[in-house]
Amino acid sequence: MIGLYSLLFLFRDDPAPGLRHSKAESRRLDCTWLDDHAASARRPGQVTTAPPSGDSVERSVMLCAERLLAPGVRSEGDEAVLRELQALTNGIAASASSRFPDLANSTWLVEAFHPSALVSAKLIFAAKNALSAWGMAVSDRLPTLAVGDAGVLTSLAPLSAYPAACARFAASGSLRPTDALLTLVHLDSRETILHAGICVNGAWSWLQ
Amino acid sequence: MTALLVVLALVSPGQAAPSLGDAERAELERARAEVADQIQLSAYDLVDELVAGWLRAPLFGQPTPVVLGGVTVPVGLGTGFAALVENHLSQVLIQNPSTNLELVYCPACSAVVVHSGPEATVIARGIDQPSVLDQLGADAGRHALFVDIEAEGAWLVLRARLTRLTPDLPVVWSYTLASSASSPALLRQPQMLKSAEDAHHEYEQTLRARGPVYIPARFGIRSYAEPSGNGTNPPPFLWLQTGLELGTTEARAWTSSVLLGYSIVPQAYQGLMLQARLHRLLTGRARSLTRPNLYGFIGGAVFTVWGAATAPFNDDNALNADALIAALEGETPRSRFGGLHLGLDLRVGERMGYSVFLETMPALRNNNNFGAYAQFGLPFQCLGIEVGFWF
């Protein structure tokens, strides 16, 4: 009986590392818990749902799919941001919308600072779409600074540089009173999270 | 302010990537090429879905020139993949003019333009400086389309936005669409583009349009077990059957069929049969449209057979010389009997089926010309296999 019970665990399709999957294989999976109806909609015919009259079985389903890009194809830092790009940018847009309701009629500009220029471009694109999805007016304009300003600001610590840059954007007229600038920042190469700040009328505030 | 304007760069450059050996670099390129091959069709699917959305709800009321501002692909997959996606997008847009998006060529839009004015000298792409485009006379496109595809875990995500090329560069439309890595590509034809939802609906309607009544046509062979004693079992009977099959619901978990059959081998036998069956789906509560369905069935049949080779059905004792002489004198043997059967029916693609069954003929249970393939209270003297087609 114990043997049969062990076999149940040995042969069930569990994505966790074990006899059937190595750690490397398990790490390549992207898994989500869903209820049986949501899982059936996602994988028609593969998940058995409870009958309409109900039964005594409580079901939940973990759906797993292999990640599109194998480990090593891009750097761990880039992968950490890109893997969660939609959730990260949507969360930031939701947070901006709820914390700054008075900016609902502003025009939102987006910029991003990440060690990788490609990842920065991805962050900007995703953030603009996320803000649009929240009903905000978005523009492709970017605020600019004079060379002298840039020379001073790059010598400051990041936590001081961003508020100072915000003030210069407003003072130079590059950022209009009706504009709100959302800045996504990757402050430390060891981080896997993004910071975000908002610049309005020369005043800087960290969103997260 | 006459200073040169530059975009602020506040972060320190990232650490230099560790140098890779030739073998590692080759392996990385191989892995990238493999991934690009795998996700190419999914990326095309997302582009098709994007354009199908414009077909359903065009962004513009009349044909409008649009510059393709840029197509970017997952970080790590290179520009070759971007060119493939860009070409596919252009192809689908050209073949679907009712989207009202007319791609136009605008070299000044994608070129890096240096503009020096009284306020500043700006170095940027033309598409980011609409006022400079105006001065260059590049007014072919008043909107720019940007498309980005990114691999996010197991999801391939397409983002698109349309920007009006005025000094304020407002984003006038944006769209985000995701596709799971486990979803098969739809391989749509660009000429008759349909959304994934419409294609699935049409597929279901096509299947359901066949209605609750099917007309099956079956070819079957009934083979009779050899007797253990001196009897002579009849030869295998070949049957052609057709009739009606009805399902109780769309799920077709239960179906019933009534078939008429005819059998002939010249100089040996002929026969007619009437057969009724009740089928139960064993693989799930509803038939699958995409995978094989296995049914179990029970049924009954009545047969009338005649011809020289049907003598074993007539005689409940071993075939003897008298019976053979009677047959030679022109007395054609004729027999009527019934049978009960049970078996399995595997149906593939809703068009073909393969079944195997065992049949017992209670009236012939003491006939010495028959053996038994199995005993379940009654001897099952007959083994049948069939190939069926449904119309």
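1. Of the 208 residues that make up chain A, 31% count as buried. The model is a predicted one, and the remarks below should be read with that in mind. Chain A holds eight helices and eight strands, and among its contacts with a separation of 6 or more, 60% are accounted for by residues 24 or more positions apart.

2. For chain B, the secondary structure comes to seven helices and 19 strands, and buried residues make up 32% of its 391 residues. When contacts in chain B between residues at least 6 apart in sequence are taken together, 60% of them join residues at least 24 apart.

3. Helix 4 of chain A, which covers residues 76-83, is a good place to begin with the helices. Its buried residues are Gly77(A), Glu79(A), Val81(A), Leu82(A) and Arg83(A). The cover over these buried residues includes helix 5 (85-99) and helix 6 (117-133) of chain A, and it also includes strand 6 (143-152) of chain B.

4. At what angle do helix 5 and helix 6 of chain A pack? The angle is about 50°, and the axes of the two helices are 8 Å apart. Angles from 65 to 115 degrees would count as roughly perpendicular and those under 35 degrees as roughly parallel, and helix 5 and helix 6 of chain A are therefore oblique to each other. Their crossing is right-handed.

5. The contact between these two helices can be described residue by residue. From helix 5 of chain A come Leu85(A), Gln86(A), Thr89(A), Asn90(A), Ile92(A) and Ala93(A), which meet Lys122(A), Leu123(A), Ala126(A), Ala127(A), Ala130(A) and Leu131(A) of helix 6 of chain A. Sorted by character, the residues of this contact between helix 5 and helix 6 of chain A are eight nonpolar, three polar and one charged.

6. Chain A also contains an open sheet of five strands, in the order 4-3-6-7-8 and with mixed pairing. Strand 4 (137-138) and strand 8 of chain A stand at the edges with a single partner strand each, so one side of each is left without a neighbour in the sheet.

7. Within that sheet, strand 6 (residues 179-185) and strand 7 of chain A pair in the antiparallel sense over five bridges, and Val185(A) stands opposite His195(A) in strand 7 of chain A. Strand 7 (residues 195-200) of chain A is in turn joined by four bridges to strand 8 (residues 203-206) of chain A, and these two strands run antiparallel. In this second pairing, Ile198(A) has Ser205(A) in strand 8 of chain A as its bridge partner.

8. Strand 7 and strand 8 of chain A form a hairpin with two residues between them, and in the turn Asn201(A) has a positive phi of about 50°. Helix 8 (residues 158-172) of chain A lies across strand 6, strand 7 and strand 8 of chain A, and it runs at about 145° to strand 8 of chain A.

9. In chain B, strand 10 takes part in two antiparallel pairings. With strand 19 (residues 382-390) of chain B, strand 10 (residues 216-224) of chain B pairs in the antiparallel sense over nine bridges, and Ala217(B) stands opposite Phe389(B) in strand 19 of chain B. Six bridges join strand 10 of chain B to strand 11 (residues 237-247) of chain B, again with the strands running antiparallel, and the bridge partner of Arg218(B) in strand 11 of chain B is Gln241(B).

10. Two loop residues of chain B deserve a second look for their backbone. Leu169(B), a residue other than glycine, has a positive phi near 45°, and it is found in the loop between strand 7 (155-164) and strand 8 (171-180) of chain B. Gln267(B) is likewise not a glycine and has a positive phi of about 70°, its place being in the loop between strand 12 (254-265) and strand 13 (269-281) of chain B.

11. Are these two residues buried or exposed? Leu169(B) is buried, because 20 other C-beta atoms lie within 10 Å, whereas Gln267(B) is exposed, with 7 other C-beta atoms within 10 Å.

12. A further loop residue is Asn367(B), placed between strand 16 (352-360) and strand 17 (374-376) of chain B. Asn367(B) is buried, since 21 other C-beta atoms lie within 10 Å. From Phe313(B), Asn367(B) is 54 residues apart in sequence and 7.9 Å apart in space, C-alpha to C-alpha.

Notes
Residues are numbered from 1 along each chain as its sequence is written. Chains are lettered from A and ligands numbered from 1 in the order in which they are written. This is a predicted model: local features need pLDDT of at least 70, side-chain atom pairs count only at pLDDT 80 or more; totals for chains, interfaces and linings use all residues. A residue is buried if 20 or more other C-beta atoms lie within 10 Å of its own, exposed if 12 or fewer, and partly exposed in between; C-beta atoms are placed from the backbone. Two residues are in contact if their C-beta atoms, placed from the backbone, lie within 7 Å. Two strands pair if DSSP finds at least two bridges between them. Axes are lines fitted to C-alpha atoms, for helices over the stretch in contact, and angles run from 0 to 180 degrees between N-to-C directions. Angles under 35 degrees count as roughly parallel, over 145 as roughly antiparallel, 65 to 115 as roughly perpendicular and the rest as oblique. A crossing is left-handed if the near helix is turned anticlockwise from the far one by less than a right angle, and right-handed if clockwise. Ala, Val, Leu, Ile, Met, Phe, Trp, Tyr, Cys and Pro count as nonpolar, Asp, Glu, Lys and Arg as charged, and the others, Gly among them, as polar.
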